[in-house]
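Notebook open, coffee at hand. I wanted to look up how the helices and the nonpolar core are put together here.

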Amino acid sequence: MLSLLLWLAGMMFEFLLLVRSVQTKTFTKYFYFYAYILVVFTVSAALFIGRSLSSPFYDAWYWPTQFATLAMGCGVVLEIVRQALAAYPGAERFARRASCAVFAVTFCYVEWHVVRRTEWSTAAATVELERDLRVIEALVLATVLAIVFYYRIELGRNVTGMIVGFGAYVGVSLTTLALRSFVGPRFDTAWALLQSASFVFGAAVWTVALWSYSPNPAPPPTERNDAGYDALVHGTRAQLQSVRSSLRGVARS
Amino acid sequence: MIGLLLYLLVGIGLLVVLWLLARREGAPVEGCGRQFVEARQALRTLQLGLLPENLIERIFDREDFRYVMAAGPGEISELFLQERKRISLMWVRRVRCEIRNLMQFHLGYSRLHAKLSLPTEIRLALDFTLLLLACRALRILLNARGPYGAGAVVGVMTAAAGRVCAASEKSLAFLNPPALESFRRNSAGDGAAI
């Protein structure tokens, strides 16, 4: 009963989000995000109708559609990277490279595990794939957030909501998937409930944050030539060197 | 088991970072002019407030202590040492604060550059972190050895101040050269130790 309520609540939030995106014309501004919501809504609605008509339909289509929404979730992460750092080309480049490195390392680690495995099962493999993709998403989100904190980048309400909502869903999914693989099938009920609840929470955050268009505050207009950056780095390095040698002198005394 | 712990760590870590993001107060969007003024202010604080030759000499010179030792009773010497220690610690705290200001300036400006270099930024971040840690270590040293346990600070810091300020002038020059030039002319002979 509770899982059914969560399912319906999730669909209601998704529908609201889609309606508001059309009303406020934000669909084109956050294209990948709304494409994800559209896919999730379509899948949820189709599975809901399919389940009430015939149980085998649901069983046959659950894992393939789960895979599709997982893949679309990566698009949301890319949207977050793009939107959060759009006005800061340097920081954006930094995030893109760091994210690629995170993705490559995690992917290699997962591949190495898959190659070593002797047994194969579709459900288990999809759950593991979901867990590994969630790890990548979590690490990329954490990288973006580290850059946002480090460079003190101001985010608008829309992007903050996107990050908090999706991050909460990914964080809870990852934690529960890890626990599920450890505890086993007796954790399945709790796992399904927690995952649905975290998605409903994320969808509620998105609905509030994306109710109206609120872009990131624009950075100050400034000179961005390459010589400027070189001079800045040179100057900062020289300052650091000076302070370092002075502190070394104090420590020796 | 190790895998489980790693996954849990990533998941819970992300939730903690999100909580910090949700709690973060909206930092003002700093304009170029404001950054310039703040950086200039940090530089002037280092020049005038923290590193003038006579101030540093006064804080770390043993002469005052010798005089108090010779002229007054032991209690006064003890009190004098406590006060000097307090002042020297306060001084290190302020230097640390100014290093942080310069760091903020660098970050505030570099984030806007398309040419921003990942290895350079990582190295600089490491350098800033090490320097801030060094300041902390210095505080421990002063706490443990007292204000006169860091006697060579005067000469070294005075020399370093010149280099810090010269480098900062260079770093700020590209932001607003005419304004900087007028600052430089106005600040000549202001009594700083450089």
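My entries on chain B and then on the core follow.

Ground rules: this is a predicted model, with local features needing pLDDT of at least 70, side-chain atom pairs counting only at pLDDT 80 or more, and totals for chains, interfaces and linings using all residues. Residues are numbered from 1 along each chain as its sequence is written, while chains are lettered from A and ligands numbered from 1 in the order in which they are written.

Chain B: I found eight helices and zero strands (DSSP runs, numbered from the N terminus; H or I of at least four residues for helices, E of at least two for strands). Of its 194 residues, 30% count as buried, that is, with 20 or more other C-beta atoms, placed from the backbone, within 10 Å of their own.

Helix pair: I looked up α5(B), residues 74–110, against α6(B), residues 118–145, and got an angle of about 170 degrees with the axes 9 Å apart. Axes are lines fitted to C-alpha atoms over the stretch in contact, and angles run from 0 to 180 degrees between N-to-C directions. The two helices are therefore roughly antiparallel (over 145 degrees).

Core: the largest nonpolar core has 71 residues, and Ile80(A), Ala91(A), Ala138(A), Leu141(A) and Val144(A) have the most contacts inside it. Such a core is a set of buried Ala, Val, Leu, Ile, Met, Phe, Trp, Tyr and Cys residues joined through C-beta atoms within 7 Å. Helix α5 of chain A (residues 122–150) gives the largest share, twelve residues.

Technical notes: A residue is buried if 20 or more other C-beta atoms lie within 10 Å of its own, exposed if 12 or fewer, and partly exposed in between; C-beta atoms are placed from the backbone. Angles under 35 degrees count as roughly parallel, over 145 as roughly antiparallel, 65 to 115 as roughly perpendicular and the rest as oblique.
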